[in-house]
Amino acid sequence: MKNKTILCFAAHPDDLEYSCTATLHLLIKEGYEVIYIIITNGENGFKMGSLPPKERVAIRRREQIEAAEMLGVKETLFLDYKDGFLDYTEELRARLTGFIKKYKPEFVFVFDPANGEFDSLNLFHRDHRNMALAVFDACFAAKNLWMYPGEPHRIKTLYFYGTRKPNCFVDITEHIELKLKLLACHKSQFPDFTKIEQYIREDICAVHPEYKYSEAFRKLDIVQKI
Ligand SMILES: [Zn+2]
């Protein structure tokens with residue numbers, strides 16, 4: 001039977017809502033099951049008053065779960081790393097590889113590890129960079145027979161979001177309202193959502209000349225050549 005699972009990795013709650021939820025909506029309609037893996041707690045990106053870290057973590061998780069449920073995500077996992085302090089460790093790669101071997105996804109969505117421009121403090125956030133590298137390496141390790149325990153799994157395609165080198169554009173013109181509604185679930189991030197809405201409509205999703213709104217990816221097919 002064809003594997004219809006998609007694993008989506010995010011460094012923070014809201015990364016996926018910025019990047020790929022309208023595309024995921026289309027894939028869910030095709031019959032795919034989507035699993036979210038949120039690596040850090042996002043507690044240091046909180047913009048709604050001063051609360052202790054534990055409460056900020058709880059709020060950000062609730063917001064992420066609300067957005068995931070609204071989209072129809074099957075499962076959302078929180079790996080509980082501290083926001084802003086993500087290291088690429090052997091422990092992290094082993095955990096990520098374990099998820100790929102367990103869920104055997106056809107597609108993996110993650111930040112683009114090939115980005116290297118460092119022209120945006122937000123896009124080139126340490127957690128995004130380290131997550132992207134660790135997930136990329138975990139995709140290799142998962143298809144290897146010997147590196148980690150468990151049956152190997154070769155994913156079919158990597159979709160890198162937040163990329164500076166897109167080669168795949170998905171027309172989401174019909175689904176921009178849904179994307180905005182999902183992003184708006186992260187209330188603690190947006191004291192003024194109208195500014196974010198404008199940013200999504202005029203910048204992030206205005207990247208293809210023929211589509212009013214689109215989501216852009218660098219797509220990498222994992223082809224077995226030998
Ligand atoms: Zn982020």
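Two strands pair if DSSP finds at least two bridges between them. Keep that criterion in hand for the sheet of this predicted model.

Seven strands form one open sheet. Their order is E3-E2-E1-E4-E5-E7-E6, and the pairing is mixed. E3 and strand E6 (168-171) are the edge strands, each pairing on one side only. Direction ignored, neighbouring strands of this sheet are turned by 25 degrees against each other on average.

Start with strand E1 (residues 5-10). E1 runs parallel to E2, and six bridges join the two. Within this pair, Cys-8 has Tyr-36 in E2 as its bridge partner. On to the next neighbour. E2 and strand E3 (residues 75-81) also run parallel, joined by five bridges. Here Ile-35 stands opposite Glu-75 of E3. Between these two strands the chain passes through helix H3 (residues 53-71), and this β-α-β crossover from E2 to E3 is right-handed. Tyr-36 has a bridge partner in E3 too, namely Thr-76. Helix H4 (residues 90-103) packs on the sheet and touches E1, E2 and E3. The direction of H4 makes about 160 degrees with that of E1.

How enclosed is strand E2 (residues 33-40)? Six of its eight residues are buried, so E2 is largely enclosed by the rest of the structure.

Now return to E1 and go the other way. E1 pairs with E4 in the parallel sense, over three bridges. Leu-7 stands opposite Val-108 in E4. E4 in turn pairs with strand E5 (residues 157-161), in the parallel sense and over five bridges. In that pair, Phe-111 stands opposite Tyr-161 of E5. E4, H5 and E5 together make a right-handed β-α-β unit. Strand E4 (residues 107-111) has five of its five residues buried, so E4 is largely enclosed by the rest of the structure.

Burial leads to the core. In soluble globular proteins, nonpolar side chains tend to be buried together. The largest nonpolar core of this model has 49 residues. Cys-8, Phe-9, Phe-109, Met-131 and Val-135 have the most contacts inside it. Which element gives the most to this core? Helix H5 (residues 126-143) does, with nine residues.

Cys-8 deserves a closer look. Residues up to four places away in sequence are not counted here. Cys-8 then touches Leu-16, Leu-24 and Phe-109. It also touches Val-34, Ile-35, Tyr-36 and Ile-37. Tyr-36 is thus on the contact list of Cys-8 and is also its bridge partner in E2.

Next, follow H5 to Ala-142, which lies in that helix. Is Ala-142 buried or exposed? With 25 other C-beta atoms within 10 Å, Ala-142 is buried. Its contacts, leaving aside neighbours within four places in sequence, are Thr-97, Ile-100, Lys-101, Pro-152 and His-153. Phe-99 is 43 residues from Ala-142 in sequence, and the two are 8.9 Å apart in space, C-alpha to C-alpha.

Two further helices meet each other. Helix H2 (residues 21-29) and helix H6 (residues 176-184) pack at an angle of about 115 degrees. Their axes are 9 Å apart. The crossing of H2 and H6 is right-handed. H2 brings Thr-21, Ala-22 and His-25 to this meeting. H6 brings Ile-176, Leu-178, Lys-179 and Leu-182.

Finally, consider two aspartates by their backbone. Asp-14 lies in the loop between E1 and helix H1 (15-19). Phi of Asp-14 is near 100 degrees, a positive value in a residue other than glycine. Asp-80 lies in strand E3. Asp-80, not a glycine either, has a positive phi of about 70 degrees. What of their surroundings? A residue is buried if 20 or more other C-beta atoms lie within 10 Å of its own, and exposed if 12 or fewer do. Asp-14 has 24 C-beta neighbours inside 10 Å, so Asp-14 counts as buried. Asp-80 has 11 other C-beta atoms within 10 Å, so Asp-80 is exposed.

Terms used
Residues numbered from 1 in each chain as written. Predicted model: local features only at pLDDT ≥ 70, side-chain atom pairs only at ≥ 80, totals over all residues. Core = buried A, V, L, I, M, F, W, Y, C linked by C-beta atoms within 7 Å. Helix = DSSP H or I, 4+ residues; strand = E, 2+ residues; numbered from the N terminus. Contact = placed C-beta atoms within 7 Å. Right-handed = clockwise from strand over helix to strand, strands pointing away. Axes fitted to C-alpha atoms, helices over the stretch in contact; angles between N-to-C directions. Left-handed = near helix turned anticlockwise from the far one by under 90°.
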